[in-house]
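Biologist: I'm new to this model, and I'd like to get to know one part of it properly. Could you walk me through a single strand and the partners around it?

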Amino acid sequence: MGLLCLVGSMLAGCASYQPTPPAFHDVLNEPYHLDSGDRVRVTVFEQDGLTNTYAVDKGGYFSMPLVGTVPARGKTTKQLETLLSQKLRDGFLRDPDITVEVDQYRPFFIMGEVGTGGQYTYVPGMTVQNAVAIAGGYSPRAEQKTVDVTRQVNGNVVTGRVLTSDPILPGDTLFVRERLF
């Protein structure tokens with residue numbers, strides 16, 4: 001009876017994890033949306049005083065000369081280019097030529113059965129396996145086939161279990177579980 005209860009509780013634990021919703025992976029193919037912790041490089045052609053790197057603060061804004069506070073959270077770099085052009089066109093520049101690019105992505109976080117959990121710099125194209133390597137590799141007790149990833153998807157926080165070959169995004173939190181046997 002004790003063995004049956006143990007097996008039943010293990011299966012119940014597995015059953016509580018639902019497959020990742022399609023939106024969890026769909027977000028990987030969407031344009032990147034800015035958020036706090038990102039740094040953007042704004043280049044205004046022939047305007048050295050406006051060209052600079054700006055950090056997106058915890059509220060999702062950054063401050064720029066002449067323009068003031070600019071909302072960046074949830075916007076793509078193209079949307080931000082359009083917004084800044086409109087703001088600079090209103091009494092400052094006749095036809096501003098602006099380019100916005102991500103200078104530094106917000107960090108990702110990793111915890112659980114890794115050498116050193118914590119916050120790490122995101123690099124474009126990073127996979128779960130790369131993230132584990134940066135965190136000092138797996139501990140001897142780690143489950144090495146799948147990892148739980150928590151990310152923002154369309155304004156909602158979603159957790160899904162993914163393979164180590166899956167890509168991660170800036171701001172993701174990875175949890176490496178302990179293996180059962």
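In which sense do E8 and strand E9 (residues 156-163) pair, parallel or antiparallel, and over how many bridges?

Modeller: Happy to! A quick note first: this is a predicted model, so local features need pLDDT of at least 70 and side-chain atom pairs count only at pLDDT 80 or more, while totals for chains, interfaces and linings use all residues. Residues are numbered from 1 along each chain as its sequence is written, and side-chain values use heavy atoms, with hydrogens and water left out.

Now to your question: E8 and E9 run antiparallel to each other, and eight bridges join them. (Strands are DSSP runs of E with at least two residues, numbered from the N terminus; two of them pair if DSSP finds at least two bridges between them.) One pair to look for is Val147, whose bridge partner in E9 is Val162.

Follow the chain from E8 towards E9 and you come to their hairpin, where two residues sit between the strands. Look there for Asn154, which takes a positive phi near 50°. That is worth a glance because most residues other than glycine have a negative phi.

E8 has another partner as well. Strand E10 (residues 173-176) pairs with E8, again in the antiparallel sense, through three bridges. Here Val149 stands opposite Leu174 of E10.

How covered is E8, then? Six of its eight residues are buried, so the strand is mostly covered. Buried means under 20% relative accessible area, exposed over 50%, and partly exposed in between, using a 1.4 Å probe and protein chains only.

Let's finish by zooming in on Thr146, which belongs to E8, the strand of residues 146-153. Thr146 counts as buried because its relative accessibility is 18%. Its surroundings can be listed too: apart from neighbours within four places in sequence, Thr146 is in contact (heavy atoms within 4.5 Å) with Arg161, Val162, Leu163, Thr164 and Arg177. Val162 is thus a name you have met already, as the bridge partner of Val147.

With Arg177 there is a further detail: its side chain and that of Thr146 make a polar contact at 2.8 Å. A polar contact is a pair of N or O atoms within 3.5 Å; within protein, one must be able to donate a hydrogen and the other to accept it, and residues adjacent in sequence count only if both atoms are side-chain atoms.

Definitions and conventions:
Helices (H or I, at least four residues) and strands (E, at least two) are DSSP runs, numbered from the N terminus.
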